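Work through the exercises below with the sequence and the model open beside you. Try each task before reading its solution.

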Amino acid sequence: MNNLWKSMYRLRVHSRNHTLAYGKVFSAAQSTSTQPASSTGDTGATAPPAKEKIVIPTRIERGPTDILMALSATVGFDPTAPHYKYHDDPYLIPTSNANKKTYALAQEAGRKAAHWIRQENAKLFRHMEADPPVQAFVPTMVYNEESQVETADLQQLIDSVEVKDAILVYNLLKKNGIEVGDELKQQLLELLCFYNHEDTLPEQFIEERWFRQGTVGRERQRKTWKDFELAEELFHGLESKRSEHYCAMIRGMARFFQVEKAWALYQETVEKGIELDTNTFNSLLHIASFLKESYDKRWDLVCEVMTTMKQQGLRPNLGTLNGILQTVTTIGGYNHPRTYALKTLAEFKQLGIEPSLASWYYMLVIFCRERGPVSHVLHDIMNEIEGKEFTIQDPKDTFFFVTAMDVCRNHLHDKELAKRVNQLLHQGENYNLIGDSYKESIYYRHYFALLATTEPLDSFLETYHLLVPNVYIPEPSVMEDILRSVEMNTAIEHVPLLWSHMVQFDHTGRENLVNLLLHIMVTNQPSADEPKHAELIQRFANIAWDMWNRMEERAAAPRATTTTGMPGPMLGDVLLLCARAGDYEKATAVFTKLSKEQNSIVGEPRIDGLREFVNLCVANRTPSVALQCLQYCSENGYPESVDIGRHIFNSFTLDQTQVSKIRSLVGAEAVKPKQNAAGSE
């Protein structure tokens, strides 16, 4: 908060200094204009007044959030604080990936509901919120089949990117016999081709874009172009088709993977001698892999398109480079794609075209293939771009960081290189190129999994505590890697914290994680002699009891997939941990569950837990419960039953009925008298 007030003070002082500067300029101008003429020399000649040139600074356009961004820059990024879109309240901050998505989209759903109410009840919102009026506050015009429209309405809808309404208004104009100019038709054609006759998601709904972008990108790998709709009707209805008409149609069809028609239109332009623009040729390069099946023919097609561009006197741009590299990524083998990619980069470097992050993404895809030889091209790329700031120039720019981290983890296993990539991501405004929530999650999944398996545990936990849970919430696979690192380093003091995080992240239903954590606590028994470990025995028992309760509640839920709760081996581990802590009540509850439902519980508990429970019964002087445990061991065929029976016989003073029961369960050998036997119950 002190930093915030200091920032506001600096901004106020900065603003005041600008005001004083303007005041000095105008004061100087005023004093200059009112200064009397002075006489020089004895001749009486009057010198002309000195003129000072007044320079008024050019006005700087400011956005609505520039002041907030200036304040934020003075404070810096705090990864331990929740994102600003969540309420800054411990009880309302989401701590799981599912809750983060639900909270953010629920808040945005409220905004969408407000927009809908305002639109449906436009008559109730005629007051002026601002003067001049802000267009975003004004309900949009509703059009129907009876609306009286003009060409100005169509122009306004095109400018505001209202695709559905623009189609409706154009059809109304055509129905009413109102002529639409060629320029306006061209604008409508470009709108329809770019958006494929569908309304786009409004820009203010950023959360929906953030959480859905990953799935949208994968859906576009199939043909989604709407055939025989208004765009094609407009195009074929033109009497004289010019270059811009062909460009709009070819780029629209290529964008939505109607590759056959796009290529046919391109061939038509070649036959008619119609020249296209560079971006249209770029769109053809992006779909070359869909037009030709053979790898050699794909490269020949790229060369053909580039030759046509040269004949038409067009200069390639960054989109041309990325289009070629994207096609090269679809060419099989190892040597040919690498040769084509390096040759392309060299030629474009001679043209003075700098690669973007999308270009380097394609290079990673070409060189670092899953079943190919190991390539260290990422080191060369980082040497080239390290320390630079980037802005988005290609939609695939957002794929670089997640792919680079994937290469660091799975291809090179290089943690130092991963740290360099992460440092580049946080350089300046580069984090804007992380993409969407899906890519961000995959990026940190690779980063954490790599550090968890290669970094010293203490060093890794520093990164873990810095980014979890506000920046990243580990997926179950990453949490498993973290638990295995804890197991390998015998760092059992971190187990309680990790279990609390598993509860927060909704990982308690993952049987493999719960089983692994139980295994760590069982196989790494804390020493009661060490002060720092003495408390862990009880904490481990509490964790095991919490696990059991949660799985029991989940099994009792109406839509539960299983009704037995924990399997037998996990119940045995819970029994062992409770018995180690000397918690007789909890241990007895777990054993009762094992004994009564042994026919429905899957698997059998390990003998260690049963043996420890018998020792606990001895300590609490309860021979009847110990005999129940012996009966359970005997009925389930444990070879150690004889030793347990002998231990019970030697630890208690039993009556004839109890001795007979031991003899009937495990045989007479277990009830042989022994000197210095344990006392009576």
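**Exercise 1. Confidence**

Which helix among the elements of the protein has the lowest mean pLDDT, and which the highest?

*Solution.* Begin with the kind of model: this is a predicted one, in which local features need pLDDT of at least 70 and side-chain atom pairs count only at pLDDT 80 or more, while totals for chains, interfaces and linings use all residues. Residues are numbered from 1 along each chain as its sequence is written, and side-chain values use heavy atoms, with hydrogens and water left out. The pLDDT itself is the predictor's confidence in each residue, from 0 to 100. Among the elements, which are DSSP runs numbered from the N terminus (helices, H or I, of at least four residues; strands, E, of at least two), helix α1 (residues 2-33) has the lowest mean pLDDT, 38, and helix α16 (residues 357-367) the highest, 97. Next, set this against the protein, which averages a pLDDT of 86, with 90% of the residues scoring at least 70. Finally, find the stretches of pLDDT below 50: residues 1-44 form one, with 25 contacts (heavy atoms within 4.5 Å) beyond near neighbours in sequence, and residues 676-681 form another, with 13 such contacts. Where pLDDT is low, the predicted coordinates should not be read in detail.

**Exercise 2. The surroundings of E455**

Find E455 and decide whether it is buried or exposed.

*Solution.* First locate E455 in the loop between α20 (437-454) and α21 (457-467). Then apply the scale of relative accessible area, on which buried means under 20%, exposed over 50% and partly exposed in between (1.4 Å probe, protein chains only); E455 has 10% relative accessibility and therefore counts as buried. Next look at the side chain, which is joined to that of S459 by a polar contact of 2.6 Å; such a contact is a pair of N or O atoms within 3.5 Å, where within protein one must be able to donate a hydrogen and the other to accept it, and residues adjacent in sequence count only if both atoms are side-chain atoms. Last, leaving aside neighbours within four places in sequence, list the residues in contact with E455, namely K415, K419, L450 and F460.

**Exercise 3. A pocket and a cavity**

Describe the lining of the second largest pocket, then that of the largest cavity.

*Solution.* Start with the terms: on a 1 Å grid over the protein atoms alone, a cavity is a set of points where a 1.4 Å probe fits but cannot get out, a pocket is an open set with protein on both sides within 12 Å along at least five of seven lines, and lining residues have an atom within 4 Å of a point. Grid points are joined across faces, edges and corners, and a volume is the space filled by probe spheres set on the points. The second largest pocket holds about 420 Å³ of space, and of the 16 residues that line it, M306, P316, I324, E347 and F348 lie nearest its centre. Two or more lining residues come from each of α13 (295-311) and α15 (335-350), and α13 gives the most, with 7 residues. By type, the lining of this pocket divides into 10 nonpolar, 3 polar and 3 charged residues, where Ala, Val, Leu, Ile, Met, Phe, Trp, Tyr, Cys and Pro count as nonpolar, Asp, Glu, Lys and Arg as charged, and the others, Gly among them, as polar.

Now turn to the cavity: the structure holds 1 cavity of 30 Å³ or more, and the largest cavity has a volume of about 50 Å³. Its lining consists of D182, K185, Q186, L189, L234, L238 and H245, with helix α6 (residues 182-195) giving the most, 4 residues.

**Exercise 4. Backbone details**

Where does H197 lie, and what is its phi?

*Solution.* H197 lies in the loop between α6 and α7 (206-219), and its phi is near 65°, a positive value in a residue other than glycine. With a relative accessible area of 4%, H197 is buried. As a second case, take R621 in the loop between α28 and α29 (623-635), where phi is near 55°; at 37% relative accessibility, R621 counts as partly exposed. To finish, inspect the peptide bond from D131 to P132, which is cis with omega near 5°, and the cis bond that joins V468 and P469, with omega about 5°.

Terms used: Contact means heavy atoms within 4.5 Å.
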